[in-house]
Amino acid sequence: MSKGASLIKPASYTALIVLLFLIPLFVKGAYFLHILIMAGIAVILTSSLRTIATTGQISLAHAGFMAIGAYTSALLVMKLDLSFWAAFPIGGISATLLALLVGYPFVRVKRVYFAMLTLFMGEVIRLTISEWRDLTHGTSGLLNIPPPNSIVIPGLLNIAFDSKVPYYYLILALVLISLLFLYRIDSSRVGRILLAIQQGDYVAESVGIHVTHFKVLALCVGCFFAGITGSFYAHYIKVLTPDSFGVLQAIYVVVYMVVGGRRRIYGAILGAFILTLLPEFFRILKEYQPFVFVGILLIITFFLPGGLADLPRLGASMLGRLKGPGVNHA
Amino acid sequence: MLEIKGLTKHFGGLTAVTEFDMSIYSGEVVGLIGPNGAGKTTMFNLITGFIPPTKGHILFEQVDITGKGTHAIAAKGIVRTFQQNAFLPDMTVLQNVLTSCYLHPKSGVWEAIFNTPGYRKKEQNALHHAMEIIEFLGLDSVSDELAQSLPHGYQRLIGIAIALSASPRLLLLDEPLAGMNANEVNETLVFINKIRSVGTTVLLVEHNMRAVMKICDRVIVINFGKKIAEGLPQEVKRNKDVIEAYLGVSEDAA
């Protein structure tokens with residue numbers, strides 16, 4: 001690779017990030033920022049779910065673990081007067097601890113059985129929240145959750161969370177940090193091991209990899225990000241009801257991931273971003289969202305099993321074929 | 001090096017292995033042979049901890065490893081290959097081998113995520129180790145190909161490469177020659193000899209008798225989960241029990 005080409009990628013990433021930081025300067029509409037914030041939440045959820053799925057296991061409890069983070073953080077702030085900035089990581093940690101607790105028994109089963117177990121786990125979390133009325137106010141929900149405390153550096157900075165803009169910057173920072181972390185996992189030997197577990201767990205085990213540990217690790221990492229996302233969501237939306245974290249939400253995250261493509265982390269980003277933005281532009285889509293998503297999912301699994309992230313590669317190989325035989329076959 | 005005492009495995013009412021005793025000494029190539037269903041692969045599964053024994057003990061270098069997990073046994077130095085093609089299909093040959101270098105050198109999760117200098121050094125070492133194994137097995141020309149896209153002979157070699165990259169001291173090969181043509185068989189035998197020459201002990205399950213007789217220092221014959229003979233290849237070949245139970249009374253044997 002020439003030096004010029006190796007600079008294109010970092011440069012375009014930097015440009016994209018700068019653009020994302022500049023958006024609130026151009027866009028004044030609160031509604032549009034709201035959509036972007038929700039897309040940011042979906043991006044973290046989807047890419048963290050992908051880390052779990054790399055081991056070959058699809059978790060349908062992701063919305064449930066998000067609820068754990070959301071309720072933990074909201075209740076800590078409301079009942080114990082904790083600062084949001086302390087409750088926020090605790091939200092993530094509590095989801096991680098629960099994942100650690102259920103992880104070892106759960107990862108004993110594979111594939112569809114794991115999906116079934118996590119499906120029930122998600123439901124158990126949701127039902128526990130709706131039945132534990134003393135603490136969570138059940139289905140009537142937690143209301144008036146306070147916003148994050150203002151960031152004040154005397155004389156320098158005073159950021160109050162009184163409009164969408166600080167929330168936008170907060171979620172943008174969270175997205176960038178989460179993606180950096182998940183990307184590091186993906187491109188390091190940890191990611192290689194997780195993929196190896198998906199490809200042949202007995203092979204991995206036979207060369208000394210503690211498969212169970214790594215599966216639980218993936219689950220814990222994924223659930224940590226679900227937890228902190230939940231915490232952000234709670235203090236952003238300011239109202240929590242158990243129904244915000246149902247099976248459908250969990251399935252949507254899986255749909256984002258599959259439509260975007262599981263092989264690459266940008267597939268998860270792409271899927272989450274496109275599928276959260278799309279219904280906003282076509283109101284009709286929003287009314288029939290489950291149907292539309294199922295349709296998109298079917299089309300993708302039939303015609304583009306690698307997801308949207310696979311398009312560039314397919315395009316390149318098609319071009320290669322058009323150029324004539326023997327051109328692009330390494 | 002490896003000592004097996006009174007090893008027994010029941011699967012429900014079926015007894016796969018009965019009161020099996022066996023010793024393997026450092027530096028040997030030992031053949032474990034027997035008719036189909038005799039319990040050879042069960043022995044492999046027991047030694048490497050894929051299944052726990054019902055009774056008996058397995059000692060590796062005087063340490064009891066009975067009932068330990070496969071990954072822990074691999075960390076002690078016993079690594080196996082599989083009868084079916086066992087590799088990571090959707091990864092390149094290099095990635096296959098690199099992933100299997102997990103133990104050598106081992107690095108922590110956090111240093112990998114934070115990309116510390118220590119981790120990068122270990123990755124370099126692992127890459128070096130992986131390339132050595134790939135070159136050793138002559139896979140360098142296909143190291144960037146996806147494992148699933150390669151012909152059968154290469155895939156079997158990848159299986160061996162994966163096992164080797166865990167730096168075993170005792171390597172268990174489960175029918176490494178199955179489905180190979182005469183040329184590939186000869187090449188693989190050369191590899192096995194090379195593996196032994198660097199000090200790795202080999203336990204071999206194989207149906208290709210000519211190859212077993214050629215390469216093994218010692219042969220153990222198992223039938224219906226019991227050891228029926230043990231000794232030098234020539235001795236075993238002439239053993240009456242073996243001929244009857246395993247080879248049958250054929251013109252060759254007579």
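# Notebook: a predicted model of chains A and B

I began with burial in chain A, and I found that buried residues make up 44% of its 330 residues. I note at once that this is a predicted model, and I keep that in mind for every entry below.

**Entry 1, chain A as a whole.** I looked up the secondary structure and found 15 helices and 2 strands in chain A. The radius of gyration of chain A is 21 Å, which is close to the 20 Å that the globule rule gives for 330 residues, so I wrote down that chain A is as compact as a globular protein of that length. Along the principal axes, the C-alpha atoms of chain A fill a box of roughly 70 × 50 × 40 Å. I also checked how far apart in sequence the contacting residues are: among contacts in chain A with a separation of 6 or more, 77% are accounted for by residues 24 or more positions apart.

**Entry 2, helix 4 and helix 10 of chain A.** At what angle do the axes of helix 4 and helix 10 of chain A cross? I found that helix 4 (residues 84–106) and helix 10 (residues 211–237) have axes that cross at roughly 145° and come within 7 Å. The crossing in which helix 4 of chain A passes helix 10 of chain A is right-handed. When I sorted the residues of this contact by class, I had 15 nonpolar and 10 polar residues, and no charged ones.

**Entry 3, helix 8 of chain A.** Why do I call helix 8 of chain A largely enclosed by the rest of the structure? The helix covers residues 189–199, and 11 of its 11 residues are buried, so that description follows. The cut-off behind this is that a buried residue has 20 or more other C-beta atoms within 10 Å of its own. The buried residues of helix 8 include Arg189(A), Arg192(A), Ile193(A), Leu194(A) and Gln199(A). I then looked up what they pack against, and within chain A I found helix 7 (164–187), helix 9 (201–206) and helix 10. In chain B, the partners are helix 3 (93–100), helix 4 (109–113) and helix 5 (117–136).

**Entry 4, where chain A meets chain B.** I recorded that 21 residues of chain A are in contact with 28 residues of chain B. On the side of chain A that touches chain B, helix 7, helix 8 and helix 9 of chain A each supply at least two residues. Helix 8 of chain A gives the most to that side, with 7 residues. By class, the side of chain A that touches chain B has 11 nonpolar, 6 polar and 4 charged residues.

**Entry 5, Tyr202(A).** I found Tyr202(A) in helix 9 of chain A, where it counts as partly exposed with 13 C-beta neighbours inside 10 Å. I also looked up its distance to Thr96(A): the two residues are 106 residues apart along the chain, and their C-alpha atoms are separated by 26 Å.

**Entry 6, two positive phi values.** Arg111(A) is not a glycine, yet I found that it has a positive phi of about 45°. Arg111(A) is found in helix 5 (residues 111–131) of chain A, and it is exposed, with 11 other C-beta atoms within 10 Å. In chain B, Glu19(B) is also a residue other than glycine with a positive phi, here near 40°. Glu19(B) has its place in strand 2 (residues 14–24) of chain B, and it is partly exposed, with 14 other C-beta atoms within 10 Å.

**Entry 7, chain B as a whole.** I found 10 helices and 10 strands in chain B. Its radius of gyration is 19 Å, close to the 18 Å that the globule rule gives for 254 residues, so chain B is as compact as a globular protein of that length. The C-alpha trace of chain B spans about 65 × 40 × 30 Å along its principal axes, and 42% of the 254 residues of chain B count as buried. Among contacts in chain B with a separation of 6 or more, residues 24 or more positions apart account for 67%.

**Entry 8, the domains of chain B.** The domain assignment gives chain B a domain 1 (1–77 + 168–254) and a domain 2 (86–167). Taken over C-alpha atoms, the centres of domain 1 and domain 2 of chain B are separated by 27 Å. I found 9 residues of domain 1 of chain B in contact with 9 residues of domain 2 of chain B. On the domain 1 side of this contact, helix 2 (70–76) and helix 7 (182–197) of chain B each supply at least two residues. The residues of that side divide into 7 nonpolar, 1 polar and 1 charged.

Notes:
Residues are numbered from 1 along each chain as its sequence is written. Chains are lettered from A and ligands numbered from 1 in the order in which they are written. This is a predicted model: local features need pLDDT of at least 70, side-chain atom pairs count only at pLDDT 80 or more; totals for chains, interfaces and linings use all residues. Axes are lines fitted to C-alpha atoms, for helices over the stretch in contact, and angles run from 0 to 180 degrees between N-to-C directions. Helices (H or I, at least four residues) and strands (E, at least two) are DSSP runs, numbered from the N terminus. A crossing is left-handed if the near helix is turned anticlockwise from the far one by less than a right angle, and right-handed if clockwise. Ala, Val, Leu, Ile, Met, Phe, Trp, Tyr, Cys and Pro count as nonpolar, Asp, Glu, Lys and Arg as charged, and the others, Gly among them, as polar. A residue is buried if 20 or more other C-beta atoms lie within 10 Å of its own, exposed if 12 or fewer, and partly exposed in between; C-beta atoms are placed from the backbone. Two residues are in contact if their C-beta atoms, placed from the backbone, lie within 7 Å. The radius of gyration is taken over C-alpha atoms; the globule rule is 2.2 Å times the number of residues to the power 0.38. Domain bounds come from an automatic or database domain assignment.
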